[in-house]
Every structure is written in C-alpha cells, then in structure tokens.
Amino acid sequence: MTSLNRLARHVQLRTIWLLLFLLAACLSSTSAHSSSRIAHFLPDIALNEIFPTATHTSEPAGTLPVARVFKDQEQLGYVYVTTDIVNTRGYSSFPIDTLVAMSMDGSIVAAKLLEHHEPIVLIGIPESRVEAFIQGYIGQNYIKNRPKPGAPPPVDIISGATVTLMVVGDSIMRSSQLVARQEGIGQPAAPATAPVAIKRSIDTSNHTISSWDELLQNGAIQRLHVSVADINQAFIDNGRTEAAAHPQEGDPQDTFIDLYAALVSVPSIGQSLLGEADYNYLQQELKPGQQAMLVLGNGLYSFKGSGYVRGGIFDRIEIIQDLDSFHFTDLDHQRLPGVKAANAPDFKEAALFKIPATATFDPVLPWRLQLLVQRVLSVKDKAFVTLSLNYQLPDAYLTAPPPAAVAPEAAEHDELETANQPLYKQIWAGKKVQIAVLLLSLLTLGGVFFFQDTLTKHEVFYQRFRIGFLLFSLVWIGWYASAQLSVVNVLTFSHALRTDFRWEYFLMDPLVFILWIATAISLIFWNRGAFCGWLCPFGALQELANKLARFLRIPQIKVAYSAHKRLVSIKYVIFIVLFGVALYDMAVAEKMAEVEPFKTAIILKFIRDWPFTIFAVLLLIASLFIERFYCRYLCALGAALAIPARLRIFDWLRRYPMCGNPCQRCATDCPVQAIEPEGPINPNECIQCLNCQMLYHHEKKCPHLIQKIAKRKRDKPAPVAVASSLQDDAAARPTVRPRSVDSTDSTPATP
C-alpha cells in the first residue's frame, strides 16, 4: 500500500503541474500595447521643455508613427517613441518606451524613459541614474556621424543594468536613423516640381495566368545560379585559406545550387505557380496583410539543410529587408510536390513559407534572400560564406508607378545595415573572454560530476576544491559578471511563450543564457543540484558564510526533520503564487519577486535602499546558524528547478544497503537535510554537494566501511613469526649438555 500511495501522490503532483502549465499556455497577456505609442503619450509630453518655442504638433503619421513639432507654420523637429520604430524589448521581453525628440538636421535634442517593465530599473537601479545614462545621447547625431558596429555608448553602462541600458541606447540610435530615412533627413532635397510619391500596393485585381518562362522573364521569379567553380571562388574571395584548401568536389561547371524565389501571396503569381485551388487554400491560411513566399532549389546544396528538423529553424536562408531580418521556422513551412506553372522544371526542393506574423516585411519594397553556405574544415571548425538573391516585385503587379524620388545608394544602405547589426550579436562579440571562462568552468564542473568517485575519495582535496569553486561562483559569476539566475527569468520565459517569443530577448545576456542552457541540461542528469549547489552565487555566499561561522565556533541549529519536511514546502508556495500572479500582471509579479535577495546581494552588491539590504543581511545571518537557510525554505527559483527533478534519467549518488537502516551518518551530516531518515535522497532538495559521497568512501567515517574493515581483520588468521616457531621447537626437545674435562674427572689419568 505504501508504494501505491507514493505512486498516487506522484501522479497527482504531475497532473497538477501539467494543468498549471497548460493554463499558462492558454492564457494571453492582459496588457496589450496600442498600435501607436506616441499617440498614447503625446498629450502628457511637455513640448515647451523640449522645444521652448513650440506651439503645436501634428497628429502622428507615417509608416513609422512620428509627430512633427511646429512653431506656427515653421517645423522645429520630430517627436516619437522608440517602440513605434524598432523592436525595443529588454530581458523582461516587455517593450521599453523611450521618448526621443530630433531636430531638423537629425540631432537628438531630448530623450526620456516613459514606461518599462524592467525589474532591475523598477526597484534595483535609481531612476536618476537611468535618466543620466539616457541624457548622454542628447546632442548625438547618428545621421551625420554613423557609429561603427559595436561602438560603445556615449555614457558608461550602469553596473547591474547592462542589458536594459544597452537595449535603450541601441533603440535610440537605430530609431533616429530609421526616422531620418523616412523623413528624408540628410538626403538631397527633391526638386520643387517633383510629383508627390504615391504609396504602391499589390494589385489584387490582376489574375493573369503566366507560364514559368514568362514569370522568370518579367521578374516575378528571381534566380540565383551558383556553379561548383563559383562557390569555390567565393570561399577564396572570403579570405579563408583553410576553406580554399577544401574545395567542393565535382566538375567546375556542375550546379552547386540553382535557387528561385517568388512572392506567391500576389494573386497573379500565386495562381500561376500554385494553381487555383492551392492558391485559394493559401489565402485562407494567411492572416490579413500576411505574405507568402515560394522557394525552389536544385543542385548539390540544400537551402533547407537538416538543422530545422532538430531546432525548428531554417538557418541556411534569411530574409533581409532594410534594417529588419528574420528566419523561417518549421511552423511557417509547407512542402510542395512541385510547381504547376506551364513549362516549369522539376525541383529537388520546393517549399512554401508564410512570412511570420511577428516579422516586419513590406512586399512592395526590395528585399533579399541570403543563403548561408557552410564548409566543414574539421570536426570543430567550419567556414561560412553568404550569397544573396535580390528580389523586387515588378511594377506589373503593383497598383501605382514607383515614386519619382531616387532610392538611397546601395553602398549607403549596406553601410547603415552593417552598422545596425542585431544588438545581441554585438553583446556576444564583446564578451568572448567571459563566455570562454564560463564555458571552461562548466566543463570543469561536468568533469567533477562524471568523476565524482575519484574526487570524493580524497577528502582534503574535495573540501578545498569545493570552497574554491564556490568562491569562483560568488566573485566571478555573481559580483563580477552579474550572471545570477532568478525566478524572474522563469516568469519572463513563460510570459514570452504566451505572447511574442523571440530568442533575441534571451540572447541579450550571453552568460545568463549559457547558464540557463547548462542548468536545463543538468536537470536531466543531476536535478537542480548542479546549479543550486555549485553555480548559484547567493547559494555560494550562504555556504561560505556558514563555513566561516563554523570555523568561529558559532553554534549551529539542527532543525528537526519533521519540521524541516514541512518548512521546505514554503518555497513551492512562493513560486506558485508568483507564477499565478504573473499570468495576471507580470509587473506585479516582478515586484513580488523581491522575495529573492539575489538582486540586492549579488547584482547590486548591497548598494541599495535599506529595507532590501536589511532583508538580504537577515537571510545571511540566518544562514550562519542554519546552513543555506534561504535555499532550503524560501528560494522560489529552487522550487521552479525542483519541479522537473522527477524527470531526471540518472541517479549518480551511491548508497549502501544499510544507509538509513540502521546507519544515519549521511542523513545527519547532510548540510541541507536532503536525506530522509529512511535512507532515500530527496532529489527535490539535494544540492549535489557530494558530501554523502565523500562519506561513502571514507574508511574512518562511514560506519559500513568501519565494520567491513574490522570484520576483515577478525576473519584473517593471525601471522606466526618464524623465530618464535623455532624457539617453541627447541623447548620441546630434551637438552643434552656436553661433559667437561677437568681435575674432578673420575677417569684415571694416563700413566
């Protein structure tokens, strides 16, 4: 019955959590951003503080909503909110609304943070310091002086808010360039007699059915043909000598890839290539304004590859338009058996892609399909080169003629695009050394777990190594790199899954991202202990403080196991409450997450308002008497990581049959009381400190080994010395003394 009860409780627990996560997936965010943020904030903006002589503003207008500021009939500048222009989201995955005012020449004359949900700014960093950072952008002109890729911001980043402020600064820079392009700032003025540019759109009344050759000739289908000789030359021109030494095999005239692309959401093109029935079905699948693209390929190289099968992303092709780009996923993809246009050739690969609803894409404007070609040089090294298929929807499929204004030169466009590479890529490139150090430490920790038996057999070395690694986690991971994971990350991830999930949000902080990936993997092998016991900076701070307390002979409080078993449930209650509140209002949940002292003790290094500092200090004081007090009873992050602990595949901790019955040595010595009196180790509470494994191998501390060694000595026959044996033999025989010849001898003398 006991086993059945445990099974029933186990099934109930899994069912509860499954229902909880299904509820989270079904609910949507209650706070929706309006389509134009500048229209929302404009009535509350004091324009006279920005433009002293301003009299009024226009209504926000344009593809990028911008309000023009006037003094009577004279225009003074522009006002906009960055979230209307660029995708301004921090690590919380929520938009960060920043007001920017520009003069007529593109200079930034004002910048102010309006609304955000970044927890580090909400409570951790004073608003005055954030405002001081943003004020550093006033006076910058990113139209006249375009920054180099990865250039540092004009003001030093505030420690503890690196990601948030880098996002804010990047949004100010990129939005000013996009607004300048829309408003014609920094571009030659059009002639006075130039006609007004008319916005073009797709001609939905054109249903002409064309053959393959006709579509190819009029530009509705664009082609990129690359031979084996072409791709080999491309790697040579790219400067990779190693790649040049591994040329593509085959005849130089063979086709490496023959790539075609077309916008099949355009009625005439779609009906010609897909057929009437398939085109109508596609229109039913597309959302209003959503576009679709047909990509076809022949040759030795696949534009699909196999990566999308594992990761769901077609990483070999990328669509780039202006400053925006996106990849397709398997959810956007549909296989096609072929093309139905007359005289169309057969294709090795045919794929129909829907443009993601979250992507910024205008079918009327030029775009390009960028193909990534990789060449394997060795097991660990690859070379890459990119090829471009340029596409412009022909005028025959548009309702209006092209504008008279001359488009920006290609060189200028490429320069702007290079300068505005995604921010997360700039951050990763700037933290190569830190990433290498973190990866090396994770590799070392993995070696510790895989070879734990060897490590724990040497008690002194094990103790010193553990203290050294905890110091590394506290000082380098925590205080230096500010890579402290938080329950806010868990809430943010669940929120992003329900709203607008993009990997870019989570790639903003490389070290935190790597730690999360490592923690997720370690849950399968060692439950939550790999992070909680070794990599958590605050956990390390508690344990080191307790070791110091023991060294100073501060008395320790031993919590009765019955009380301990009930107290550990507090952290699960805290996590469930936070998770439930996050479903209703993420901002409130972020404030409630201040039950975590991580931000105070690690990110801000106790430089904070006194209530938060006192709270963190009290928790550390408690850890002086009860080791890892916060980890045991209050850590919501530990509870979140413990939930999937039941899914772990391996059990690395070794036990003897007598562990728990009758031996209680490991249970008594466990620093977090993760070993039940009956003997089993509770994976939800275990921090993988390996203390029990050190005792497992200790011949002087483990009662089982002590008894085993003593029994071995008793059963072994006592050794007998050779000399003693000879003496015993001599004593058993009679002794015959030789007779001596002297004066008393009775033998007659010889005459």
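The crossing of helices α23 and α28 is right-handed, and that pair is a good place to start looking around this predicted model. Helix α23 covers residues 537–551 and helix α28 covers residues 610–625. Their axes come within 8 Å and cross at roughly 50°. An angle like that is neither under 35 degrees nor in the 65 to 115 range, so α23 and α28 end up oblique to each other.

Who actually meets whom? On the α23 side you'll find F538, L541, Q542, A545, N546 and A549, and across from them on α28 sit L620, S623, L624 and F625. Sorted by class, this contact has 7 nonpolar residues, 3 polar ones and no charged ones.

F538 deserves a second look. Leaving aside residues up to four places away in sequence, F538 touches Q484, P597, F598, A601, I602, L620 and Y630. One of those, L620, belongs to the α28 side of the helix contact.

F538 also shows up in the model's largest nonpolar core, which has 81 residues. There, F538 is listed among the residues with the most contacts inside the core, together with L438, L515, F531, L535, F575 and L637. A second core, separate from that one, has 61 residues and includes L224, V266, F314 and V385. As background, nonpolar side chains tend to be buried together in soluble globular proteins.

Now for some backbone oddities. Which residues other than glycine have a positive phi? D72 is one, with phi near 60°, and N527 is another, with phi near 50°. Here they are side by side:

| Residue | Phi | Loop between | Relative accessibility |
|---|---|---|---|
| D72 | near 60° | β2 (67–71) and β3 (74–81) | 49% |
| N527 | near 50° | α21 (510–526) and α22 (529–535) | 3% |

Are these two buried or exposed? D72, in the loop between strands β2 and β3, counts as partly exposed because its relative accessibility is 49%. N527, in the loop between helices α21 and α22, has a relative accessibility of 3% and therefore counts as buried.

One more backbone feature is worth a visit. Which peptide bond is cis, with omega near 10°? That would be the bond from N661 to P662. To find P662, go to the loop between α30, residues 636–642, and α31, residues 665–669.

Notes. Residues numbered from 1 in each chain as written. Predicted model: local features only at pLDDT ≥ 70, side-chain atom pairs only at ≥ 80, totals over all residues. Heavy atoms only, no water. Axes fitted to C-alpha atoms, helices over the stretch in contact; angles between N-to-C directions. Helix = DSSP H or I, 4+ residues; strand = E, 2+ residues; numbered from the N terminus. Parallel < 35°, antiparallel > 145°, perpendicular 65-115°, else oblique. Left-handed = near helix turned anticlockwise from the far one by under 90°. Contact = heavy atoms within 4.5 Å. Nonpolar A, V, L, I, M, F, W, Y, C, P; charged D, E, K, R; others polar. Core = buried A, V, L, I, M, F, W, Y, C linked by side-chain atoms within 4.5 Å. Buried < 20%, exposed > 50% of the residue type's maximum accessible area, 1.4 Å probe, protein only.
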